[in-house]
Amino acid sequence: MSKSAVAGNSGPKVRSDCEIALEITDSGGLNIDLKSKVKALYGDSITNLCKEILRFFGIASANVQINDSGALPFVISARLEAVIVKLTGTSKQYLPTMLSGNVYQTERDRFRFSRLYLPGNNPSLMINAGLHSADGIILDLEDSVAPDRKEEARFLVRNALRSVDFCGAERMVRINQGQRGLEDLGYIVPQHVNLVLLPKCESADEIIAVDNEINAIRKKNKITEAVWLMPIIESALGIEKCYEIVNASSNIVAVAIGLEDYTADIGVQRTAEGRESLFARTRVINAAKASRIQPIDSVFSDVGDNEGLMRNVNESKTLGFEGMGCIHPRQIVIIRQGFSPGIEETEKAKKIVMAFVEASSNGLGVVSLGTKMIDPPVVARAQKTIMLAVKLGLISKNWMSEGPSESDKSN
């Protein structure tokens with residue numbers, strides 16, 4: 001008796017993907033029917049890859065139909081493995097070679113100004129994601145993936161973590177809620193994912209369950225790199241429990257707010273002015289600052305309104321947020337520039353730090369700039385601004401020994 005299943009995508013607008021239909025038969029050997037515009041160039045390599053994968057899973061007789069739209073090998077193998085698992089329930093995994101450059105630890109306090117969301121079942125958007133220079137790339141297994149495609153998306157995201165060059169961006173994955181999210185971890189943690197986003201968090205218990213599962217997987221796979229966590233607060237209950245949530249694990253480095261779901265939960269429309277969410281946003285910021293982690297603002301949904309995005313970024317920074325989510329690459333530059341220290345902000349910070357250094361060298365316990373006394377928290381904030389400006393390459397790390405800037409000379 002034969003069994004059949006389908007995975008992947010096809011159609012006139014589909015790029016860099018394929019649809020694979022697999023029928024496991026009792027006899028007849030391996031028969032592969034490939035339809036592809038690149039069949040003349042890559043037909044043999046695609047066919048050989050599929051045969052290799054089928055034999056890896058112990059399938060000696062099957063009919064395979066492939067409708068290819070320029071899929072790379074990691075995509076083809078993910079789609080074929082997905083249908084094999086659907087039909088056999090096997091727990092074996094066919095893993096493409098891990099790029100050596102994809103095994104790296106990210107810093108707890110690295111800046112996370114921009115995080116680009118990419119649908120976890122759309123390979124065409126993943127392939128060149130690192131070239132957009134976002135601080136983080138989020139492969140999304142939650143809202144952007146249809147419920148009946150979530151299982152096959154896991155294989156694609158897993159393979160992307162191994163095969164795609166992220167160009168040094170923080171490699172993030174947003175998992176699903178509950179048990180499905182815990183199962184997602186088994187596919188992504190062994191691939192040295194840097195950060196996991198937990199959607200719609202409403203309790204510390206959710207964080208603890210994910211943290212425990214990650215630690216168990218790390219131990220089993222002998223992974224030494226930390227896996228950071230970023231809970232997303234998206235409901236009234238989550239807002240009320242935000243401080244409890246962000247202190248549930250020492251691996252939490254940031255907390256984000258999701259305003260589309262939050263405003264729906266409290267029964268109001270999200271507006272450009274944002275008055276309806278001001279309480280929630282400041283509550284998240286305060287909880288984050290009290291816990292010494294980064295508060296991250298919600299996405300700006302109108303990808304065509306650059307002026308509106310800049311206003312939103314400026315307000316977000318003024319409130320105390322330290323980054324935003326992106327849903328389109330064109331938003332990255334605006335968000336990055338908005339959260340980076342400006343010229344005036346940097347020059348003021350330099351003057352404060354220099355005054356602090358001078359006071360310290362003279363044994364003074366009080367820092368003053370002109371006739372104004374500078375409190376320790378102001379000095380600390382200025383030092384953080386300088387560190388950020390240095391990290392971003394806006395000023396040299398040896399700025400103090402380089403003499404006054406042009407703006408200093410004019411003042």
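Helices, of at least four residues, and strands, of at least two, are taken here as DSSP runs and numbered from the N terminus. With the whole chain of this predicted model in view, you can look for 14 helices and 14 strands, and, turning the C-alpha trace along its principal axes, you will find that it spans about 90 × 45 × 45 Å.

Stay with the whole chain a little longer. Of its 411 residues, 51% count as buried, while the chain exposes about 19,700 Å², of which carbon and sulfur atoms supply 52%. Among the contacts with a separation of 6 or more, 74% are accounted for by residues 24 or more positions apart.

Next, select L22, I137, L139, V173, L185, I188 and V196, which are the residues with the most contacts inside the largest nonpolar core, a set of 95 residues. Adding helix α2, residues 73-88, shows the element that gives this core its largest share, nine residues. A second core, separate from that one, has 14 residues and includes Y117, M172, A226 and A254.

Return to L22 and display its surroundings: apart from its neighbours within four places in sequence, L22 is in contact with K3, S4, A5, L54, A62, N63, V64, V83, I84 and L87.

Finally, move to the surface and select M354, V357 and M400, which together make a nonpolar patch of about 240 Å². V357 lies in helix α12, which covers residues 343-361. Is V357 buried or partly exposed? Its relative accessible area is 36%, so V357 counts as partly exposed, since buried would mean under 20% and exposed over 50%.

Definitions and conventions. Residues numbered from 1 in each chain as written. Predicted model: local features only at pLDDT ≥ 70, side-chain atom pairs only at ≥ 80, totals over all residues. Heavy atoms only, no water. Patch = residues over 30% accessible without salt bridge, like charges linked within 9 Å, V, L, I, M, F, W, Y side chains within 5 Å. Areas by Shrake-Rupley, 256 points an atom, 1.4 Å probe, with all protein chains shown as cover. Salt bridge = Lys/Arg side-chain N within 4 Å of Asp/Glu carboxyl O. Buried < 20%, exposed > 50% of the residue type's maximum accessible area, 1.4 Å probe, protein only. Core = buried A, V, L, I, M, F, W, Y, C linked by side-chain atoms within 4.5 Å. Contact = heavy atoms within 4.5 Å.
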